[in-house]
Amino acid sequence: MLEPPIMEDEGERAICQKYANRIRAYGLRHLRDGEGAQDLVQLVLLAVLEARRAGRIEDPSRFESYVFGTCRNMAMDMRRGELRRRNLAERATAGLPEGYEPEWPQVDRARLEHCMRELEPRDRAVVMATFVEDLDTDEIGHSMKLSAGNVRVIRHRALARLQACVQGGEA
Amino acid sequence: MSACPKPVPFETLVALSTGDLAPEEAASVEEHIFSCDDCAVASDRLARLVGGIRELIPPVLSHALRDRLVAKGTRVLHTPVEASIPARARFAPEVDLLVHVLRADLSRADRVDLELVTPEGAVRLRFEHVPFDAKTGEVLIACQRHFEAMGDDPIFRVHALESGEERSVGDYFVHHEWR
């Protein structure tokens, strides 16, 4: 059973602020599910804070590695369905420092749609096939008669343009 | 905070997000991101962009994506549309998404492109390599409620590439009622 926090200090809040987005980004890559990624944040942060409170982190100078390892193992458990995550995540939230609220700023959807329209048709097709249709690089290359290397170059250049565009630059 | 001496290149972050890195390299990059403030910011920015893209509903849907949207609870109104025959579609309050099912013989198509054309004949936007179902001869156009702000109903102009030759499949007209 999860215990309430023994102490809620600035240090814990700072840890949460520092690692929440890193854990969430990891979760999005490995779980492909925004809700799952947010659950992962709560679970990992609580596990790390509990280990810190209990003095179980043997080498504090390798704290980042401890967080990363915890994150990797919990994401693996979630993928295998070994964590009944929703209940645990809700309980984990109660064990995090008071005043800590994760923030997930979203990309402005209208702006993103505008930026997508500004892309070249082929670039847009590669981006949509990758992230909306969930096709892998080889599948996209096959359907668009491009080499896998070409798909990768088109994709990362298109994403760089999109990123600049959504941040207010030019597509 | 000192700057990262060896920032992860943007293309590597992209390859990480698409699963294109070898497992050992992916693990090494991910561990670095956890320990590096600069790279964590860059990774988070990309994750937010990719997350935003994943939430988009593309103007042309594959049948698999349409099925996933329906399975998630999206309420879809399908409107069959034949080339050159005007159709009507009403965005009733209980509908989340209009899907116009453009029908044609696409059995020999290697690739399908779509243009959105203004009533005056100007190409407003071109989509290449759009999803299509060769067997059923269908291209699925997704129309969202906020498209009302785009003004006049566009003409959907479909082209098919067959054995290296482009063929004009037809123009499709849908009159939208937004209420």
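# Exercises on a predicted two-chain model

**Exercise 1. Determine which helices line the largest pocket, and how the lining is made up.**

*Solution.* Step 1. In this predicted model, four helices each contribute at least two residues to the lining of the largest pocket: α1 (10-31) and α2 (34-53) of chain A, and α3 (37-55) and α4 (63-71) of chain B.

Step 2. The greatest contribution comes from α3(B), which provides six residues of this lining.

Step 3. The volume of the largest pocket is about 740 Å³. Its lining has 27 residues, and those closest to the centre are R32(A), G51(B), R54(B), E55(B) and K72(B).

Step 4. Sorted by character, the lining residues comprise eleven nonpolar, five polar and eleven charged ones.

**Exercise 2. State where the largest pocket lies with respect to the domains of chain B.**

*Solution.* Step 1. Chain B consists of domain 1 (10-55) and domain 2 (58-177).

Step 2. The centres of these two domains of chain B, taken over C-alpha atoms, are separated by 34 Å.

Step 3. Both domains of chain B supply residues to the lining of the largest pocket; therefore the pocket lies between them.

**Exercise 3. Check the length of helix α2 of chain B, and find where its buried residues lie.**

*Solution.* Step 1. Helix α2 of chain B covers residues 23-35, which is 13 residues.

Step 2. The expected span is 1.5 Å times one less than the number of residues. For α2 of chain B this gives 18 Å, and the end C-alpha atoms are 19 Å apart, so the two values agree.

Step 3. A residue counts as buried when its relative accessible area is under 20%. In α2(B), the buried residues are A26(B), V29(B), E30(B), I33(B) and F34(B).

Step 4. Viewed down the axis of α2(B), the buried residues fall within an arc of 140°; they therefore line one face of the helix.

**Exercise 4. Describe chain A, and then examine its helix α2(A).**

*Solution.* Step 1. Chain A contains eight helices and zero strands. Along the sequence, the pattern of chain A is accordingly written α-α-α-α-α-α-α-α.

Step 2. Chain A has 171 residues, of which 46% count as buried.

Step 3. Helix α2(A) is made of 20 residues. From its first C-alpha to its last, α2(A) reaches 29 Å, close to the 28 Å expected at 1.5 Å a residue.

Step 4. Helix α2(A) is mostly covered, with 14 of its 20 residues buried.

Step 5. Just after α2(A), the residue G55(A) adopts a positive phi of about 70°.

How values were computed. Residues are numbered from 1 along each chain as its sequence is written. Chains are lettered from A and ligands numbered from 1 in the order in which they are written. This is a predicted model: local features need pLDDT of at least 70, side-chain atom pairs count only at pLDDT 80 or more; totals for chains, interfaces and linings use all residues. Side-chain values use heavy atoms; hydrogens and water are left out. On a 1 Å grid over the protein atoms alone, a cavity is a set of points where a 1.4 Å probe fits but cannot get out, and a pocket is an open set with protein on both sides within 12 Å along at least five of seven lines; lining residues have an atom within 4 Å of a point. Grid points are joined across faces, edges and corners, and a volume is the space filled by probe spheres set on the points. Ala, Val, Leu, Ile, Met, Phe, Trp, Tyr, Cys and Pro count as nonpolar, Asp, Glu, Lys and Arg as charged, and the others, Gly among them, as polar. Domain bounds come from an automatic or database domain assignment. Buried means under 20% relative accessible area, exposed over 50%, partly exposed in between (1.4 Å probe, protein chains only). The arc is that of the directions from the helix axis to the C-beta atoms.
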